[in-house]
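Colleague: Could you take me through one part of this model in some detail? I would like to look closely at the second largest pocket and at the helices around it.

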Amino acid sequence: MKLAEALHLRADLQKRISQIGTRLGLNAKVQEGDIPAEDPKELLKELDRNTEELQQLITKINLTNSKIKSEEQTLTEMIARKDTLSLKASILRGFLQEASQKIERYSNKEIRIFSTVNVQELQKQVDQISQEIRLLDVKIQTLNWSVDLIE
């Protein structure tokens, strides 16, 4: 199985586990004399099976990510770099949005408001970060579809 397939399977398992949680909640209580739509004991068994399968799959994915290297970086390092760059870019975009807003003055007597940073320079930095994120994403996706999952 390719790493990308395992990642899709992981997402499916996570959705399934979430749905089991919802179904458990819907069947946690019934009126006296009624029976639940689904047997909570069976749902709990299904939850156990799915979480065990998910744990094994995550372990294999993490082992694969930590052993596979490209250009002297493990897949884990590339993912961490992409995640932190994405977080940084998101914060900088929000800051740029605030710094870019024009404050209209209705008269010359009103206080002038100025940006605390050079918006143009910071936008170039965000663009560079975004490009690095895209390049990392391409490398990661390429590896995901070319690498076999470590069993």
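Modeller: Happy to. A pocket here is an open set of grid points with protein on both sides within 12 Å along at least five of seven lines, and its lining residues have an atom within 4 Å of a point. Please keep in mind that this is a predicted model.

Let's begin with the pocket itself. The second largest pocket has a volume of about 160 Å³. Its lining consists of Ala 4, Leu 7, His 8, Arg 10, Ile 61, Asn 62, Asn 65, Gln 141, Asn 144 and Trp 145. By character, this lining divides into four nonpolar residues, five polar ones and one charged residue. Three helices, α1 (3-26), α2 (40-67) and α4 (119-146), each supply at least two residues of the lining. The largest share comes from α1, with four residues.

That makes α1 a good helix to follow next. Its 24 residues should span 34 Å at 1.5 Å a residue, and because the end C-alpha atoms are 35 Å apart, the model agrees with that expectation. The buried residues in α1 are Leu 3, Ala 4, Ala 6, Leu 13, Ile 17, Ile 20 and Leu 24. Ala 4 thus appears both among the buried residues of α1 and in the pocket lining. The buried residues of α1 pack against α2, α3 and α4. As background, an α-helix has 3.6 residues a turn, so residues three or four places apart point the same way.

Now to α2, another contributor to the lining. With 28 residues at 1.5 Å each, α2 should span 40 Å, and its end C-alpha atoms are indeed 40 Å apart, which agrees. At the start of α2, the backbone nitrogen of Lys 41 has a side-chain oxygen of Asp 39 within 3.0 Å. Further along, Leu 43, Glu 46, Asn 50, Leu 54, Leu 57, Ile 61, Thr 64 and Asn 65 are the buried residues of α2. Two of these, Ile 61 and Asn 65, also line the pocket. The buried residues of α2 pack against α1, β2 (73-74) and α3 (75-100).

Asn 50 deserves a moment of its own. This residue is found in helix α2, and Asn 50 counts as buried because its relative accessible area is 5%, under the 20% cut-off. Leaving aside residues up to four places away in sequence, Asn 50 touches Leu 13, Arg 16, Ile 17 and Ile 20. Among these partners, Leu 13, Ile 17 and Ile 20 belong to the buried residues of α1.

For contrast, here are some exposed positions. Ile 91 sits in helix α3, and with a relative accessible area of 55%, Ile 91 is exposed. Its C-alpha atom is 9.8 Å from that of Val 126, and the two residues are 35 apart in sequence.

The loop between β1 (69-70) and β2 holds Glu 71, as well as Glu 72. Phi of Glu 71 is near 50°, a positive value in a residue other than glycine. Glu 72, not a glycine either, has a positive phi of about 65°. Glu 71 is exposed, with a relative accessible area of 62%, and Glu 72 counts as exposed at 68% relative accessibility.

Technical notes
Residues numbered from 1 in each chain as written. Predicted model: local features only at pLDDT ≥ 70, side-chain atom pairs only at ≥ 80, totals over all residues. Heavy atoms only, no water. 1 Å grid on protein atoms, 1.4 Å probe; cavity = no way out; pocket = protein on both sides within 12 Å on 5 of 7 lines; lining within 4 Å. Points joined across faces, edges and corners; volume = space filled by probe spheres on them. Nonpolar A, V, L, I, M, F, W, Y, C, P; charged D, E, K, R; others polar. Expected span 1.5 Å × (residues − 1). Buried < 20%, exposed > 50% of the residue type's maximum accessible area, 1.4 Å probe, protein only. Contact = heavy atoms within 4.5 Å. Polar contact = N/O pair within 3.5 Å; in protein donor to acceptor, adjacent residues only side chain to side chain.
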